[in-house]
Amino acid sequence: MLFRSCEKFGLQISTAKTELMCSNKFPSLITIEINGEAIKETEHFKILGSLISADGSLELEIKTRIPKAQAVFSSLYHKFWSRKQISLGTKLSSFKVVVRAVLLYACETWPAQLDSSNNWKVFSIDVYKESLGKGGTIS
């Protein structure tokens with residue numbers, strides 16, 4: 001039905017690019033087909049730069065966010081973070097605006113799970129330590 005509706009408007013569904021994810025604890029009991037081709041089921045789905053897992057966990061999303069935030073921090077390290085002429089307040093404000101924005105991108109869509117949040121907290125503490133010159137593990 002979806003396939004025929006799309007055809008009416010000159011649209012085509014690419015079965016090679018289409019994936020199915022069931023967001024419950026039970027495996028999918030049905031097979032969805034488009035134009036006779038079964039749609040592949042996946043455990044993880046990336047949409048608008050955020051990784052969604054079928055089980056609702058944040059572990060994989062956070063594991064991909066931390067390296068992205070580390071890359072942003074590292075790219076600014078020699079030009080900004082390591083300079084003693086820049087005040088600590090400016091560095092911390094910049095961290096909140098630049099680095100933490102990358103780290104927590106789309107966090108409003110995350111389910112509230114406290115156990116997964118510790119990884120990004122550790123990263124944030126390391127950035128604060130590095131900014132204070134106390135030897136964080138980031139650079």
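## A tour from the salt bridges to the core

Select E59 first: with a relative accessibility of 43%, it counts as partly exposed. Keep in mind as you click around that this is a predicted model.

**Stop 1: along helix α2**

With E59 still highlighted, add K63. The two side chains form a salt bridge, 3.1 Å from N to O. Both residues sit in helix α2, 4 residues apart, which is about one turn of the helix. K63 is partly exposed as well, at 49% relative accessibility.

Stay in the helix and pick E61 and R65. Here is another salt bridge between side chains, at 3.0 Å from N to O. The spacing is again 4 residues, about one turn, with both partners in helix α2. Now color by accessibility: are E61 and R65 buried or exposed? E61 has a relative accessible area of 1%, so it is buried. R65 is buried too, at 5%. The cut-off for buried is under 20% relative accessible area, so both values fall on that side of it.

**Stop 2: a bridge between two strands**

The structure holds 3 salt bridges, and the one still to visit joins the side chains of K40 and E19, at 3.3 Å from N to O. This pair links distant parts of the chain: K40 belongs to strand β4 (residues 40-41) and E19 to strand β1 (residues 19-20), with their positions 21 residues apart in the numbering. K40 counts as exposed because its relative accessibility is 52%. E19, at 33%, is partly exposed.

**Stop 3: the β5–β6 hairpin**

Next, show residues 44-53 as a cartoon with sticks. Strand β5 (residues 44-47) and strand β6 (residues 50-53) run antiparallel and are joined by 4 bridges. Click I47 and look across: its bridge partner in β6 is S50. The hairpin has 2 residues between its strands, and one to check there is L48, which takes a positive phi near 50°.

Leave I47 and L48 selected, then add I52 and Y105, and switch on the surface. These four make up a nonpolar patch with about 410 Å² of accessible area together. Where does Y105 lie? Look in the loop between α3 and α4. Y105 counts as partly exposed, because its relative accessibility is 41%.

**Stop 4: the nonpolar core**

Hide the surface and turn to the inside. The largest nonpolar core has 15 residues, and those touching the most other members are F73, W81, F95, V99, L103 and F123. Two or more core residues come from each of α2 (59-81), α3 and α4. Which element gives the largest share? That is α2, with 7 residues. So the helix from the first stop is worth selecting again: besides holding the K63–E59 pair and the E61–R65 pair, α2 is the largest contributor to this core.

**Last stop: confidence**

Finally, color by pLDDT. The mean for the protein chain is 79, and 82% of its residues reach 70 or more. Among the elements, helix α3 (residues 88-103) has the highest mean, 87, while helix α4 (residues 114-132) has the lowest, 68. Where pLDDT is low, the predicted coordinates should not be read in detail. Bear that in mind when you zoom in on α4, whose mean is the lowest of the elements and which is also one of the helices giving two or more residues to the core.

Terms used:
Residues numbered from 1 in each chain as written. Predicted model: local features only at pLDDT ≥ 70, side-chain atom pairs only at ≥ 80, totals over all residues. Heavy atoms only, no water. pLDDT = per-residue confidence, 0-100. Pairing = 2+ DSSP bridges. Patch = residues over 30% accessible without salt bridge, like charges linked within 9 Å, V, L, I, M, F, W, Y side chains within 5 Å. Areas by Shrake-Rupley, 256 points an atom, 1.4 Å probe, with all protein chains shown as cover. Buried < 20%, exposed > 50% of the residue type's maximum accessible area, 1.4 Å probe, protein only. Core = buried A, V, L, I, M, F, W, Y, C linked by side-chain atoms within 4.5 Å.
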